[in-house]
Amino acid sequence: MLAEPHADALAQDGQAATGTEHASRTTWWKPLYLFEFMDLPWLPQGLRHTLREILECVSTPPFRTYYRWVARETLQQARRVGVTQVVELGAGTARITATMAAMASRGEDAPNGLGTGSMVFVCCDNNPDVPAYEALARRFGPHVRPIYEPIDLAEPRQWGPDSLLVLSATLHHIPHSARSEVLRNLCHSGNGVLVFEPLRRTIWSMLYVLLSIVPALVVPLRFAGRAGRLRRVLWCWLLPVAPLLFCWDGIVSCLRQWTRIEWDRAAAEAGCRCKLGESLFCQCAYLRRAS
Ligand SMILES: C[S@@+](CC[C@H](N)C(=O)[O-])C[C@H]1O[C@@H](n2cnc3c(N)ncnc32)[C@H](O)[C@@H]1O
């Protein structure tokens, strides 16, 4: 199992970026922005869903604890800043919303008694997984409020000052040239923005992505108790394109990531303060508007 960054990475390993020295440095190459299969509108919906499930499989035990780390870190940040609503943008199968809602209902995130039990969790995506959202709404009642219509995170929208926005493995789907503007809008549409990425632009992350062929092949067994068994067997075993497309998307995702210097520059452009935490494979940025 891979260690995710320490739960308090945000509080410890960050720095403010408001036109810092880093922002004025230049990188010697322009980061590539190749296509990801998951972004292609013509991709069969069943194959897209299988790619999301592979991501879910590689992000949870026994392979990684990424989703738990994201959920715990987000709940802790929500308590620190005192918001009442957490909005997950680009939620995919909304497993992070599910994990946060489950942790909050058990009081698991609040060892010191400052609970998030009354918090509301909103999940949305530009390609919403309606059955998954309906299941969450049934399970958690008024604590989870999915948005069933497509929500494009690049479109400005007011979520309200009581909202913490969270993006996991999603910001890299926005082209480099548009990201600063999107971050500016997000910072102005809520109390703050948490951006998590399970990969970095490093050779280690790319090698790690290639290993995900193993969990990808395990997916039909791992989710055998869920609807969609035939679909998973088709795309992972009979016509095993999903594991290959997942590896391609993973490598491209690594190339789309930002380094610390690029984060600092983008945050300065967006008029945000940015705390960045990094570990071997993950990044977590917390952004708030500078004034
Ligand atoms: C790699 S998946 C991550 C899903 C989920 N956040 C997770 O960590 O498992 C990226 C998600 O971002 C969504 N997405 C991509 N571009 C988007 C946009 N402009 N607005 C909203 N969602 C977007 C995709 O539909 C997809 O569900």
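Of the 291 residues of the protein chain, 44% count as buried, where a residue is buried if 20 or more other C-beta atoms lie within 10 Å of its own, exposed if 12 or fewer, and partly exposed in between, with C-beta atoms placed from the backbone. The model is a predicted one: local features need pLDDT of at least 70, side-chain atom pairs count only at pLDDT 80 or more, and totals for chains, interfaces and linings use all residues. Residues are numbered from 1 along each chain as its sequence is written. The secondary structure of the protein chain comes to 12 helices and 6 strands; helices (H or I, at least four residues) and strands (E, at least two) are DSSP runs, numbered from the N terminus. Contacts, defined by C-beta atoms placed from the backbone that lie within 7 Å, often link distant parts of the sequence: among those with a separation of 6 or more, 76% join residues 24 or more positions apart.

The strands come next. An open sheet of 6 strands follows the order 2-1-3-4-6-5, with mixed pairing, and two strands pair if DSSP finds at least two bridges between them. At its edges are strand 2 (120-123) and strand 5 (272-278), each of which pairs on one side only. Neighbouring strands are turned by 20 degrees against each other on average, direction ignored; axes here are lines fitted to C-alpha atoms, for helices over the stretch in contact, and angles run from 0 to 180 degrees between N-to-C directions.

Strand 1 (residues 85-89) is mostly covered, with 4 of its 5 residues buried. It runs parallel to strand 3 (residues 163-168), to which 5 bridges join it, and parallel to strand 2, to which 4 bridges join it. Val87 has a bridge partner on each of these strands: Leu165 in strand 3 and Val122 in strand 2. For Glu88, the partner in strand 3 is Val166. In a regular strand, side chains alternate between the two faces of the sheet.

Helices pack on this sheet too. Helix 5 (residues 95-106) lies across strand 1, strand 2 and strand 3, running at about 170 degrees to strand 2. Helix 7 (residues 176-189) touches strand 3, strand 4 (192-197), strand 5 and strand 6 (283-289), and its direction makes about 65 degrees with that of strand 6.

Elsewhere, helix 9 (residues 213-222) has Pro215, Ala216, Val219 and Pro220 buried. Seen down the helix axis, these buried residues fall within an arc of 160 degrees, so they line one face of helix 9; the arc is that of the directions from the helix axis to the C-beta atoms. They pack against helix 3 (45-58), helix 10 (229-238) and helix 11 (241-256).

Val209 lies in helix 8 (residues 203-211). Val209 is buried because 22 other C-beta atoms lie within 10 Å. Leaving aside neighbours within four places in sequence, Val209 is in contact with Leu199, Cys247, Gly250, Ile251 and Cys254. The C-alpha atoms of Val209 and Ser253 are separated by 9.6 Å, although these residues are 44 residues apart along the chain.

Finally, 18 residues surround the ligand, the closest being Gly90, Gly92, Asn126, Ser168 and His173; a residue is near a molecule or strand if its C-beta atom, placed from the backbone, lies within 6 Å of it. The shell divides into 8 nonpolar, 7 polar and 3 charged residues. Here Ala, Val, Leu, Ile, Met, Phe, Trp, Tyr, Cys and Pro count as nonpolar, Asp, Glu, Lys and Arg as charged, and the others, Gly among them, as polar.

Definitions and conventions
Contact = placed C-beta atoms within 7 Å.
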